[in-house]
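Thanks for making the time this morning. I would like to walk through one structure with you, and I will begin as soon as it is on the screen.

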Amino acid sequence: MAMAAQSVARSHAASMNSLIHPISLRNSLKKKKKRFDSCRQFLCKKRKEENWGIKGLKERCQRRVNAIVDQNVEDDEMSGLDSDDDTNLLSIVMKFGGSSVASAERMREVADLILSFPEERPVIVLSAMGRTTNKLLVAGEKAVCCGVSHASAIEELNFIKDLHLRTAEELGLDSSMISVISFMLNDLEQLLKGIAMMKELTLRTRDYLVSFGECMSTRIFAAYMNTIGSKARQYDAFDIGFITTDDFTNADILEATYPAVAKKLHSDWTSDPAMPVVTGFLGKGWKSRAVTTLGRGGSDLTATAIGKALGLREIQVWKDVDGVLTCDPNIHPKAEPVPYLTFEEAAELAYFGAQVLHPQSMRPAREADIPVRVKNSYNPQAPGTLITKERDLSKAVLTSIVLKSNITMLDIVSTRMLGQYGFLAKVFSIFEDLGISVDSVATSEVSISLTLDPSKLWTRDLIQQELDHMVEELEKIAVVRLLRNKSIISLIGNVERSSLILEKVFNVLRKNGVNVQMISQGASKVNISLVVHDSEARKCVRALHSAFFANDLLSEFDAGLQNGLPFVPVENQ
Ligand SMILES: Nc1ncnc2c1ncn2[C@@H]1O[C@H](COP(=O)(O)OP(=O)(O)O)[C@@H](O)[C@H]1O
Ligand SMILES: N[C@@H](CC(=O)OP(=O)(O)O)C(=O)O
């Protein structure tokens, strides 16, 4: 901006020389100053979008400064700049998960945290309070078999009522908002009675049932922000353009969502600015028009979708951990935060079971190239994890270890009725026809080993029915072995160094007497997956974590690499 200021001075001096009237000079300078401001915004945005280096930025700056000074307003690259002034538009998304808004006290802390960024104009995305979603699901299951007269007494319903009414009162919300919440709780009770009467809980009803969690948390929080004088407006995602497939409990966001959400949030903000507080996790089925959900943990996806829709600067997801960790802290208490990840690594990590991020959530952020920051709302000072398109992998070996348990594995050996490619094609067309999703695959000429993704299969009965049908179909062309109770351990890291990673991994496994039943290296080049028996999996992850991350062994491992020698820790030699 120093350069811009000098140019304003230059222009000022030039104007003085030609004896322009002081008022028109002031207006002209004001106009130019406005142009410089919008120009700066425009350049910053374009620089990010098009990845300009410093040299490119300088050249473009100079061109625009000259154009402004010389009044060359017809310059192509300048056109539309006045309307491109986005200094007052929404700037970031801040998503707070259930643990961040579990009580009145937590909501107050979240409000303070948001207000501690006065320079931002955030869109807020909230999940349901604490474990409300789980409790709603249990209440639904209980309603199916408890009888209408007992539905009101379901323990989880009363817990949810008490939590939400108490929170609204503790936050000092006015009586009209307390009535809104009471009405919603009353509707929830009626719904549970309906489920009890029907004695069934369809996937569609299940989604409507859990939607009460986010619908109530966002209303309470937006009302609280208004109470403390920070203007906020609540939105139900299904009413502002979140259009999804009709796959209840696991819906996908459709493309039409992005322009619709952008239009609604943008026009409300420009006509009457108020911090948007949006329900995470929810959408509207494009055919059914009913409430859908995006799969467990889906508020992360809501946040990244809003970031993409509005082209925001950053997406922040606030959790109860110091970022994405080197492994699940419930498995290894010494798990450490990972400072940087690429979208690809984060997606792989989430897909292979790290609960911290929703499996699909990286997609919109990657498509729009918007950085995602994972932060801890209980420890805002911690730097967290920054997820971007690229990062320096030259020193990276292993980034994180992820465990996905209770997996079903299939061993399929061809009866040689088909040629090699006919065999593979037939096997995968069977999965496609049955809508069964496959996680990891290892193939030879006549056999395939693969793991099935259980998250697509919702109830026990359905799993058995589907599996029986699938095996029946596969047995027409192959000998099939179904192996249950397996776990996938995914090693996310720099697969350029896969042989060194594997050497170390197999040392650890050998020492612990663990047999690997399948191994696959993803084409994404960031993931090696090992399949082991469920009963050995947690022990394995702990041993691998200690070998790779404890006592700074990772850097020793790196040092060994630099000397051209693979490092094997003493404990494993
Ligand atoms: N690799 C990992 N890194 C961080 N957290 C993980 C990891 N694997 C599992 N977790 C679990 O994920 C939790 C955070 O995810 P989640 O409960 O969905 O957060 P929120 O509800 O706040 O969005 C953590 O409390 C932690 O127990
Ligand atoms: N409340 C939903 C959606 C969600 O994203 O929750 P959280 O952010 O607390 O993981 C769930 O529990 O699945």
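**Two ligands, two helix pairs, two backbone angles**

By class, the shell around ligand 2 is made up of two nonpolar, seven polar and three charged residues. Please keep in mind throughout that this is a predicted model, and that the values I quote are computed from it.

Let me stay with ligand 2 and name its surroundings, which are Lys95, Gly97, Gly98, Ser127, Ala128, Thr133, Glu214, Phe281, Arg296, Gly297, Gly298 and Ser299. Which atoms of ligand 2 have polar partners on Lys95, Gly98 and Glu214? For Lys95, a polar side-chain atom lies 2.8 Å from an oxygen atom of the ligand, and for Gly98 it is a polar backbone atom that sits 2.9 Å from an oxygen atom of ligand 2. With Glu214 the ligand atom is a nitrogen, found 2.7 Å from a polar atom of the glutamate side chain. As for burial, ligand 2 on its own exposes 330 Å², of which the protein buries 83%.

Turning to ligand 1, we find 16 residues around it, and the closest are Lys95, Lys319, Asp320, Leu325 and Gln355. Lys95 therefore deserves a second look on your screens, since it is listed around ligand 2 and is also among the closest residues to ligand 1. By class, the shell of ligand 1 divides into six nonpolar, six polar and four charged residues.

Three side chains place a polar atom by an oxygen atom of ligand 1, and I will take them in sequence order. Asp320 has a side-chain N or O atom 2.8 Å from such an oxygen, Asn330 has a polar side-chain atom at 3.2 Å from one, and for Gln355 the corresponding separation is 3.0 Å. Of the 570 Å² of accessible area that ligand 1 has on its own, the protein covers 87%.

Now to the helices, where I have picked two pairs.

In the first pair, helix H6, residues 155-170, packs with helix H7, residues 175-198, at an angle of about 175°, and their axes are 10 Å apart. That angle makes H6 roughly antiparallel to H7. From H6, the residues Leu157, Ile160, Lys161, His164, Leu165, Ala168 and Glu169 meet Ile178, Ile181, Ser182, Leu185, Leu188, Glu189 and Leu192 of H7. Sorted by class, this contact of H6 with H7 has nine nonpolar, two polar and three charged residues.

In the second pair, helix H9, residues 257-271, and helix H10, residues 299-310, pack at an angle of about 75°, with their axes 8 Å apart. H9 and H10 are therefore roughly perpendicular to each other. On the H9 side the contact is made by Tyr258, Val261, Ala262, Leu265 and His266, and on the H10 side by Ala305, Ile306, Lys308, Ala309 and Leu310. The classes in the contact of H9 with H10 come to eight nonpolar, one polar and one charged.

Last, two points on the backbone. Most residues other than glycine have a negative phi. Arg289, although not a glycine, has a positive phi of about 60°, and this arginine lies in the loop between strand E6 (282-285) and strand E7 (291-293). Asn485 likewise is not a glycine and has a positive phi, here of about 55°; where in the chain is Asn485 placed? Asn485 belongs to strand E15, which covers residues 478-493.

How values were computed: Residues numbered from 1 in each chain as written. Chains lettered and ligands numbered in written order. Predicted model: local features only at pLDDT ≥ 70, side-chain atom pairs only at ≥ 80, totals over all residues. Heavy atoms only, no water. Axes fitted to C-alpha atoms, helices over the stretch in contact; angles between N-to-C directions. Helix = DSSP H or I, 4+ residues; strand = E, 2+ residues; numbered from the N terminus. Parallel < 35°, antiparallel > 145°, perpendicular 65-115°, else oblique. Contact = heavy atoms within 4.5 Å. Nonpolar A, V, L, I, M, F, W, Y, C, P; charged D, E, K, R; others polar. Near = heavy atom within 4 Å. Polar contact = N/O pair within 3.5 Å; in protein donor to acceptor, adjacent residues only side chain to side chain. Areas by Shrake-Rupley, 256 points an atom, 1.4 Å probe, with all protein chains shown as cover.
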